[in-house]
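Please consider the following structure step by step, beginning with its strands and ending with some unusual points of its backbone.

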Amino acid sequence: MVNPLFRLIPYEEVSRAVETSGWEYEVVGKSASGRNLYHVKMGKGKVRLLIVAGIHGTEPAPVNASVVLLNLLKERYPLGYNFERLKNVEVHLIPLANPDGFQLNYELFKKKDFEPHWSHVWEEARRNANGVDLNRDWMRLSQPETRAIHRVINEVDPHLVLDLHEFYARGGCPPKWADETEGFLSTLTDTPYNWVNEAIRLVSEKVAKEIARSLPWKPKMRHFMAEAHEFPIVPNNVLGSHVPFEGSAKVLVESWGTGLGNYLLPDRVGIHLNAILTAIEFMEENPERFIEMKKEWRREETKVGREYREFRVSGRELERAKEVLSLHGIEFEEREDELIVKMPQGRSRIAILLLDREHWYNQELRKRWKGPHTLDKFFDVNVEAVR
């Protein structure tokens with residue numbers, strides 16, 4: 001196998017690494033082109049970390065880091081981090097969320113002799129084989145990849161999600177470096193936006209700061225997609241802005257890498273490995289903080305949900321609506337020609353965002369041309385909110 005620290009690797013190498021790792025794994029679904037989607041479980045503990053890599057096929061370093069991690073977590077003190085194997089933390093890994101795009105990116109780079117260039121950003125490889133950006137599909141869940149991964153989220157119920165990406169530095173990179181164009185070589189974000197449980201926001205921020213201290217390059221901390229607004233409203237159809245509404249702290253980690261091929265790959269992979277190991281170390285040392293965060297989120301979901309009595313869903317595409325409600329973990333009753341969603345729910349916020357187009361958060365998304373992402377926009381159904 002080509003060393004994933006130094007070279008781009010094809011899908012087959014990722015598949016082989018998972019299946020020969022010795023860790024517990026399952027195939028949770030197939031990509032649009034029929035490639036396996038893997039979920040790897042490492043360790044057993046009272047707090048759960050979910051790592052998602054490779055949502056965009058043109059961002060290889062997180063996937064390479066995932067392959068390295070499979071062996072690294074077998075070591076007693078991986079890379080010298082202060083935890084002796086996994087005791088309190090159960091690590092769940094989606095090593096490659098978009099295998100079709102990832103493989104296409106590899107093939108396109110191979111044709112170019114893996115030459116780094118600003119034009120090697122191939123939009124068709126960023127997306128899945130159906131031409132869909134998987135990181136804009138976390139509310140509708142229209143694609144086999146997002147549906148499979150969301151089932152993992154429901155099953156695992158993670159305390160923390162690491163959302164690993166790479167970004168494109170504008171301005172002719174290479175030959176220019178990212179710090180000559182955008183002024184940084186990696187970015188991190190917490191969840192500063194509105195209507196997120198405060199405990200989730202604080203834990204996300206704390207983990208992001210811990211990761212920032214661990215990285216060899218000083219990252220730029222930014223509010224994810226919130227731009228310069230004092231009142232940030234973030235589209236909830238993106239993984240990193242979606243999972244906090246479903247009870248998980250999250251940190252987005254990005255390295256400079258789209259279009260770079262093998263260039264600086266050890267540095268880029270190192271960023272993601274340091275981020276992962278820092279998160280594990282913090283969770284190993286502070287498990288109760290994550291457990292209490294989840295308890296507080298559940299209490300608040302009940303309180304928020306009591307603002308409604310129920311939602312009634314009717315129309316021609318009830319079967320499709322049922323599938324999306326189920327994928328989001330929302331309970332409902334079937335009555336003749338309608339669905340009844342009783343409130344409160346275990347995930348009250350996401351139910352409201354999916355079902356109440358007039359909710360103030362969805363209204364703000366509409367004002368900013370970023371949504372809303374509601375059931376009655378996806379399908380031919382009518383939704384009535386009963387308070």
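In this predicted model, strand β9, which covers residues 310-315, pairs with β12 in the antiparallel sense, and six bridges connect the two. One of the facing positions is Gly 315, which stands opposite Val 381 in β12. Another is Phe 311, whose bridge partner in β12 is Ala 385. Strand β9 also pairs with β11, again in the antiparallel sense, through five bridges. Here Phe 311 stands opposite Val 341 in β11. In general, the strands of a sheet are held in pairs by backbone hydrogen bonds, and the pairing may be parallel or antiparallel.

These pairings belong to an open sheet of four strands, whose order is β10-β11-β9-β12 and whose pairing is antiparallel. At the edges are β10 (333-335) and β12 (381-386), each of which pairs on one side only. Neighbouring strands of the sheet are turned against each other by 25 degrees on average, with direction ignored. As a general rule, the side chains of a regular strand alternate between the two faces of the sheet.

A helix accompanies this sheet. Helix α11, formed by residues 318-327, lies across β9, β10, β11 and β12. With respect to β11 (338-342), helix α11 runs at about 25 degrees.

Another antiparallel pair is found earlier in the chain numbering, where strand β1 (residues 24-30) is joined to strand β2 (residues 36-42) by six bridges. Within this pair, Glu 24 has Lys 41 of β2 as its bridge partner. The two strands form a hairpin with five residues between them, and in this hairpin Gly 34 takes a positive phi near 95 degrees.

The packing of two helices may be examined next. Helix α1 (residues 11-19) packs against helix α3 (residues 99-111) at an angle of about 130 degrees, and their axes are 9 Å apart. How are α1 and α3 oriented to each other? An angle between 115 and 145 degrees is neither roughly perpendicular nor roughly antiparallel, and α1 and α3 are therefore oblique to each other. On the side of α1, the contact is made by Tyr 11, Glu 12 and Val 14, while α3 contributes Pro 99, Phe 102 and Gln 103. By character, the residues of this contact divide into four nonpolar, one polar and one charged.

The backbone also deserves attention. Most residues other than glycine have a negative phi, and most peptide bonds are trans. Against this background, Arg 85 has a positive phi of about 60 degrees although it is not a glycine. Arg 85 is placed in the loop between α2 (61-72) and β4 (89-94). Leu 141 likewise has a positive phi, near 55 degrees, and is placed in the loop between α4 (123-126) and α5 (144-156). Are these residues buried or exposed, or partly exposed? Arg 85 is partly exposed, with a relative accessible area of 43%, whereas Leu 141 is buried, with a relative accessible area of 2%.

Cis peptide bonds complete the picture. One leads from Pro 174 to Pro 175, with omega near 20 degrees, and Pro 175 is found in the loop between β5 (160-167) and α6 (178-181). Another leads from Gly 371 to Pro 372, with omega near 5 degrees. Pro 372 lies in the loop between α13 (360-367) and α14 (375-378).

Key:
Residues numbered from 1 in each chain as written. Predicted model: local features only at pLDDT ≥ 70, side-chain atom pairs only at ≥ 80, totals over all residues. Heavy atoms only, no water. Pairing = 2+ DSSP bridges. Axes fitted to C-alpha atoms, helices over the stretch in contact; angles between N-to-C directions. Contact = heavy atoms within 4.5 Å. Parallel < 35°, antiparallel > 145°, perpendicular 65-115°, else oblique. Nonpolar A, V, L, I, M, F, W, Y, C, P; charged D, E, K, R; others polar. Buried < 20%, exposed > 50% of the residue type's maximum accessible area, 1.4 Å probe, protein only.
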